[in-house]
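Visitor: I would like a close look at one aspect of this model, the pockets and what surrounds them. Please take it slowly and keep the residues in view.

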Amino acid sequence: MLAFVNILKSVIFGIVQGITEWLPVSSTGHLILLEAFMPLNVYGSDAAANTAFWDMYKVVIQFGSIIAVMVLYWKSLWPFQKELSEKKRRSIWRLWIKIIVASVPAAIAGFLLNDWIDARMSSPVVVAVMLIVYGVLFIYLEKREHDYTVTSIRHVSYQKAFQAGLFQCLALIPGTSRSGSTILGETVIGFDRPTAAQFSFYMAIPVMFGASLLKIVKFFAKGTAVSGLGIMVLLVGTVVSFAVSWVVIKQLMAYIRRHDFTAFGKYRIVLGALVLILAIVHVI
């Protein structure tokens, strides 16, 4: 029964991860809130082991979302395709350099601040506040006049890539949203919405892969034994995250070609207010 319940919970976590990772609504924030109502207890009554597993799990299942991006944009990201011209191959290598440039700020900040943020900021109140703050920012910035100078991936310069990477650092705070902070920041510096979303997807690959690897290393470093159930729960969450991310990415790209992000801003404010109320009355 313990195995079935935890696997079922992992399916739900994977669905939530796959939906919220690419929408500007904070996947980590949603996972933290969901875990407050239905925590994983892979290690039964061992609270310390369950906490260590959860800290690793909520990051590593993002790997499924990364794979979805790589599969969907395979032709744009894989430089070893036989049919590619030399010009196209060089273009893909330049894109990867830009992706790495954009990933450096968050990689450094994450390495230095990850443990501190996990200990001090992974709370419902922080998530609620950041949901509301960025919700207001989304609505405000969508009302401004926009001057889009970056209208395709090939127009992204190394300078613009690095600037986008700086905005990605903001996503280290739970409730902020990695895609939300990067897309919001990119539109401020001249990206149109489809290009901002696509480059945000690309930036996620090295950062999320690195974060997953770091969490796995730290999990083993704590000496927590890996159970068969733990591996199964992690695999289920990752696979579900991949499948849902595949659908969501396609739908999001179609959506933002016709709509702005005001609806996401309103959703964040309503959800943030609800979470704040539940935290104040000690429900979560």
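Guide: The helices named below are DSSP runs of H or I with at least four residues, numbered from the N terminus. The model is a predicted one, and every value that follows is computed from it.

Let us begin with the second largest pocket, where about 250 Å³ of space lies. Two helices, H6 and H10, each supply at least two residues of its lining, and the largest share, 6 residues, comes from H6. The residues along its wall are Ser76, Lys88, Ser91, Ile92, Arg94, Leu95, Lys98, Ser152, Ile153, Arg154, Gln198 and Tyr202. Sorted by class, this lining is made up of 4 nonpolar, 4 polar and 4 charged residues.

H6 also takes part in the largest pocket, whose volume is about 660 Å³. Of the 35 residues that line the largest pocket, Asn114, Ala171, Leu172, Val207 and Ala211 are the closest to its centre. The elements giving two or more residues to this lining are helix H2 (27-37), helix H3 (47-60), helix H6 (86-120), H9 and helix H10 (193-221). Among these contributors, H6 provides the largest share, with 8 residues. The lining of the largest pocket divides by class into 15 nonpolar, 15 polar and 5 charged residues.

From the open spaces we can pass to the enclosed one, since the structure holds 1 cavity of 30 Å³ or more. The volume of the largest cavity is about 60 Å³, and it is lined by Phe138, Leu141, Glu142, His146, Tyr148, Ile183, Leu184, Thr187, Arg193 and Phe261. Helix H7 (124-142) and helix H9 (178-188) are the elements that give two or more residues to this lining. Its classes come to 6 nonpolar, 2 polar and 2 charged residues.

Those two helices can also be described as a packed pair. Two packed helices are described by the angle between their axes and by the distance between the axes. For H7 and H9, the axes come within 11 Å and cross at roughly 30°; angles under 35 degrees count as roughly parallel, and H7 and H9 are therefore roughly parallel to each other. Their crossing is left-handed. In the contact, Tyr134, Leu137, Phe138 and Leu141 of H7 meet Gly180, Ser181, Leu184 and Val188 of H9, and by class these residues are 6 nonpolar, 2 polar and no charged. Phe138, Leu141 and Leu184 appear both in this contact and in the lining of the largest cavity.

A second helix pair can be set beside this one. The axes of helix H4 (residues 62-72) and helix H11 (residues 228-256) come within 7 Å and cross at roughly 45°, and H4 and H11 are therefore oblique to each other. The crossing of H4 and H11 is right-handed, whereas that of H7 and H9 is left-handed. On the H4 side the contact is made by Phe63, Gly64, Ser65, Ile67, Ala68, Val69, Val71 and Leu72, and on the H11 side by Thr238, Ser241, Phe242, Ser245, Trp246, Ile249 and Lys250. By class, the contact of H4 with H11 has 9 nonpolar, 5 polar and 1 charged residues.

Conventions:
Residues are numbered from 1 along each chain as its sequence is written. This is a predicted model: local features need pLDDT of at least 70, side-chain atom pairs count only at pLDDT 80 or more; totals for chains, interfaces and linings use all residues. Side-chain values use heavy atoms; hydrogens and water are left out. On a 1 Å grid over the protein atoms alone, a cavity is a set of points where a 1.4 Å probe fits but cannot get out, and a pocket is an open set with protein on both sides within 12 Å along at least five of seven lines; lining residues have an atom within 4 Å of a point. Grid points are joined across faces, edges and corners, and a volume is the space filled by probe spheres set on the points. Ala, Val, Leu, Ile, Met, Phe, Trp, Tyr, Cys and Pro count as nonpolar, Asp, Glu, Lys and Arg as charged, and the others, Gly among them, as polar. Axes are lines fitted to C-alpha atoms, for helices over the stretch in contact, and angles run from 0 to 180 degrees between N-to-C directions. Angles under 35 degrees count as roughly parallel, over 145 as roughly antiparallel, 65 to 115 as roughly perpendicular and the rest as oblique. A crossing is left-handed if the near helix is turned anticlockwise from the far one by less than a right angle, and right-handed if clockwise. Contact means heavy atoms within 4.5 Å.
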